[in-house]
Amino acid sequence: MNWQLVTFYILGLVILYAAYRVVTSAVITHAALWLAVALVGVAGIYLQLQAEFLAIIQVLIYVGAIVTIIIFAIMLSPLREIKTEEKDRRGGATRMGRAVASVEWGLAPVAAGLLFALGMTWAYSRQAWPVGSVPPGLITEPLGKSLMTTYLLPFEVASVLLLVAMVGAIVLAIRGQK
Amino acid sequence: MFGIPEPWWSVIRAVVWALFIIIFLAVNAIVAVWLERKVSGRIQRRIGPQRVGRPIGWAQTIADVFKLLVKEDVRAEATDKWVFLLAPAIPFAAITLMFLVVPWGKNLIPLNLNIGLLFVVAVTSFEVLGLFMAGWGSNNKWALLGAMRTAAAMISYELPMVLAILAVGMTAGSLNMNDVVNAQSRVPFILIQPVAFLIYYIASLAEANRTPFDFTEAESELVAGANIEYSGLRWAFFFLAEYGSLVGTSAIAATLFLGGWRGPILPGPVWFLIKTYLLVYVAMWIRWTLPRVRIDQLLDFGWKFLLPLALADIAVTGIVLALL
Amino acid sequence: MKVADIGKAAVNIAKGLGVTFGEQLKKPITNFYPDTPATVKDGYRGVPVLVQLPTGEFTCTACMACVRACPIGIIQLDTVMVDRKRAMDEFRLEVGRCLQCNLCVESCNFDALVMAPEFELASYTREPLVLYKNDLAKLYAKYFWPKEGEEHHFPARVTSKHHAPGAGTGTPRGPRAAKIAQTGVTLTPGGGGGEPAGKTPVGASVPAESAREATGTTRPQDTGAQKAGEGA
């Protein structure tokens with residue numbers, strides 16, 4: 001029994017189910033929370049690949065910042081507009097069955113997911129991203145060095161992009177005040 | 001070791017550490033609540049609890065724990081069932097994870113992660129998720145307001161906190177908790193990075209929802225904040241997490257700035273506990289001195305003062321390190 | 001937010017922390033009440049009690065002033081005719097509803113009601129909170145009867161102007177008392193204006209009844225007047 005494979009499949013199922021619930025939840029808060037579950041699952045996959053740094057950054061940025069911001073946006077929205085509780089109280093299994101059978105909740109997301117998975121598999125089989133072995137020791141140092149040397153331009157472009165977004169948000173907020 | 005094959009040995013090690021951390025947090029809540037009552041009493045020239053467990057009232061919080069254990073677990077009909085039920089576990093889990101990388105002594109660390117500092121920051125961000133789930137799931141306006149304020153405070157104070165931790169990482173030249181402690185073998189970082197310590201400590205007060213930043217349960221305005229609808233054991237978990245995060249942030253501060261387990265004569269864990277609870281005491285002392293600030297003051301202070309200060313601190317640290 | 005403000009705030013926070021730290025070093029002022037008896041301040045209003053002399057006589061004349069003065073009507077007074085004079089037969093005070101407003105004491109023309117500093121009346125039912133004349137007399141005895149070898153002092157009537165010298169000897173105060181005066185209850189102007197009314201030595205051995213006979217309807221002295229008399 002390969003434990004790594006088992007944990008991978010478990011994590012994969014969790015991620016897939018959570019991702020499915022993200023797009024199908026009627027309550028937007030639930031969608032945000034399922035998103036957090038999916039992102040933590042992805043962090044788990046990173047951990048399995050011994051990319052601890054990436055896993056922690058994933059949790060820090062996505063769960064700690066992005067999901068929190070989403071949640072904050074939800075909380076600041078008028079309650080009546082977003083709170084549409086699913087009133088379907090009939091059995092979970094049949095509800096699930098009907099959901100899977102419907103185009104909106106079943107076919108469309110599954111088809112989209114399959115398409116994406118096939119595309120990724122195809123790209124991967126074409127050796128689009130060659131995988132090397134994990135360098136031993138600290139990962140932060142080479143990462144930081146390459147960000148400041150090889151990938152300096154993309155890094156700076158991304159920073160400027162974020163800065164622009166921030167300035168834009170401030171401008172919008174100030175305009176809203178007046 | 002002891003004739004046990006290696007994979008099983010690490011499993012046993014993990015289980016023992018996990019149990020130790022959970023038991024430590026439970027005992028900590030009992031001790032810290034007792035300490036809080038005593039400290040608040042002394043500050044107000046009272047004596048605090050003294051009847052249950054005479055003469056110092058040591059059994060008062062234990063009695064409270066038993067009271068909580070036998071209380072009914074109430075869930076209102078209008079709550080969001082699973083969100084409501086799962087919420088108390090998350091802050092507690094986050095605190096437990098935080099202790100995973102805290103060194104208790106030489107080679108006494110549950111998980112020697114290379115990026116322990118980042119790990120601490122990452123897991124603390126779960127806490128806000130749990131409080132939000134509690135606030136949202138309760139379907140109660142006070143709870144939601146409390147959760148919203150907490151989320152705002154935590155977002156604002158996580159940034160200066162991370163930057164302060166980063167300054168320590170830069171000074172130590174590593175993000176590994178053991179390396180940080182070893183780098184303080186001669187001088188604790190509070191002397192090298194006093195500004196970072198202040199920023200971290202203020203931010204950690206906000207992160208642990210302590211007065212003057214206790215917006216999660218601003219009793220006088222929000223009744224009790226995010227955990228208002230909870231009772232019994234579920235409420236106890238919030239309480240555990242609250243005091244856990246107080247002792248957790250204090251433990252991190254002790255490790256990063258006060259030299260962790262390092263100290264003369266006494267063994268490492270003792271020094272670690274002394275330093276941690278010294279900072280816990282300071283937090284209590286601050287709590288019973290200062291009133292709660294307004295939420296807009298809190299955000300102003302975080303974004304307009306602490307964040308620039310932390311950035312300046314990082315810049316100065318970088319320049320000094322480059323020159324040395 | 002100016003930098004100077006932050007500096008000022010830091011100084012003030014440090015000051016505050018210094019104050020609270022200093023408080024921790026001081027001795028607590030906790031009163032271990034159930035273990036050690038608690039004390040109340042002078043002038044504490046607990047329960048209005050009936051003055052009963054050691055001879056067993058009540059100084060109450062059943063004038064009903066207190067009954068009328070009570071804003072919530074918790075005082076009941078039964079009268080009986082003794083020697084063609086009205087006298088108090090039974091006195092009933094529902095102390096559980098008492099406001100401690102002191103109006104009954106202030107309205108009493110004979111200082112037959114005084115406030116006793118009793119505060120441990122809590123009970124599980126309402127019945128023990130209804131006090132009759134004997135209960136009130138017992139409370140009076142508890143607080144105002146002389147100890148061994150002491151002279152009996154009538155307690156000072158605690159009024160709103162209790163602290164003023166010579167006060168407490170005057171006529172009943174307040175609009176309600178004035179109204180009572182108009183409605184025909186006999187008021188003796190004897191103690192008016194802070195002047196001690198008569199020089200009757202008030203001791204445990206002097207029955208109030210005889211004092212009353214001697215000076216018509218004079219009131220017994222209160223402590224303030226007595227002290228003045230002693231000083232003279």
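**Exercise 1. How many residues of chain B are in contact with how many residues of chain A?** Work out what this interface is made of.

*Solution.* Before counting, a word on the ground rules. This is a predicted model, where local features need pLDDT of at least 70 and side-chain atom pairs count only at pLDDT 80 or more, while totals for chains, interfaces and linings use all residues. Residues are numbered from 1 along each chain as its sequence is written, chains are lettered from A and ligands numbered from 1 in the order in which they are written, and side-chain values use heavy atoms, with hydrogens and water left out.

Step 1: count contacts, meaning heavy atoms within 4.5 Å. You get 25 residues of chain B against 27 residues of chain A.

Step 2: get the buried area, which is the accessible area (1.4 Å probe) lost by two parts on being put together, summed over both. Chains B and A bury about 2,300 Å², with 83% of it on carbon and sulfur atoms.

Step 3: look for polar links. A salt bridge needs a side-chain nitrogen of Lys or Arg within 4 Å of a carboxyl oxygen of Asp or Glu, and between chains B and A there are 0 of those. A polar contact is a pair of N or O atoms within 3.5 Å; within protein, one must be able to donate a hydrogen and the other to accept it, and residues adjacent in sequence count only if both atoms are side-chain atoms. Here the count is 1 residue pair (both at pLDDT 80 or more).

Step 4: place chain B's side on its helices (DSSP runs of H or I, at least four residues, numbered from the N terminus). Both α5 (116-137) and α6 (141-172) of chain B supply at least two residues each, and α5(B) gives the largest share, 11 residues.

Step 5: sort by class, where Ala, Val, Leu, Ile, Met, Phe, Trp, Tyr, Cys and Pro are nonpolar, Asp, Glu, Lys and Arg charged, and the others, Gly among them, polar. Chain B's side has 20 nonpolar, 3 polar and 2 charged residues.

**Exercise 2. Now do the interface of chain C and chain B.**

*Solution.* Step 1: 18 residues of chain C touch 18 residues of chain B, burying about 1,600 Å², 65% of it on carbon and sulfur atoms.

Step 2: the rule finds 1 salt bridge across this interface. B:R51 pairs with C:D35, and their closest N and O atoms are 3.3 Å apart. Polar contacts come to 10 residue pairs (both at pLDDT 80 or more).

**Exercise 3. At what angle do helix α12 of chain B and helix α1 of chain C pack?**

*Solution.* Step 1: fit lines to C-alpha atoms over the stretch in contact, and take angles from 0 to 180 degrees between N-to-C directions. For α12 (residues 268-287) and α1 (residues 3-25), the angle is about 105° and the axes are 9 Å apart.

Step 2: α12(B) is therefore roughly perpendicular to α1(C), a label covering 65 to 115 degrees.

Step 3: B:Y281, B:W285 and B:I286 meet C:L17, C:T20, C:F21 and C:Q24.

How values were computed:
Angles under 35 degrees count as roughly parallel, over 145 as roughly antiparallel, 65 to 115 as roughly perpendicular and the rest as oblique.
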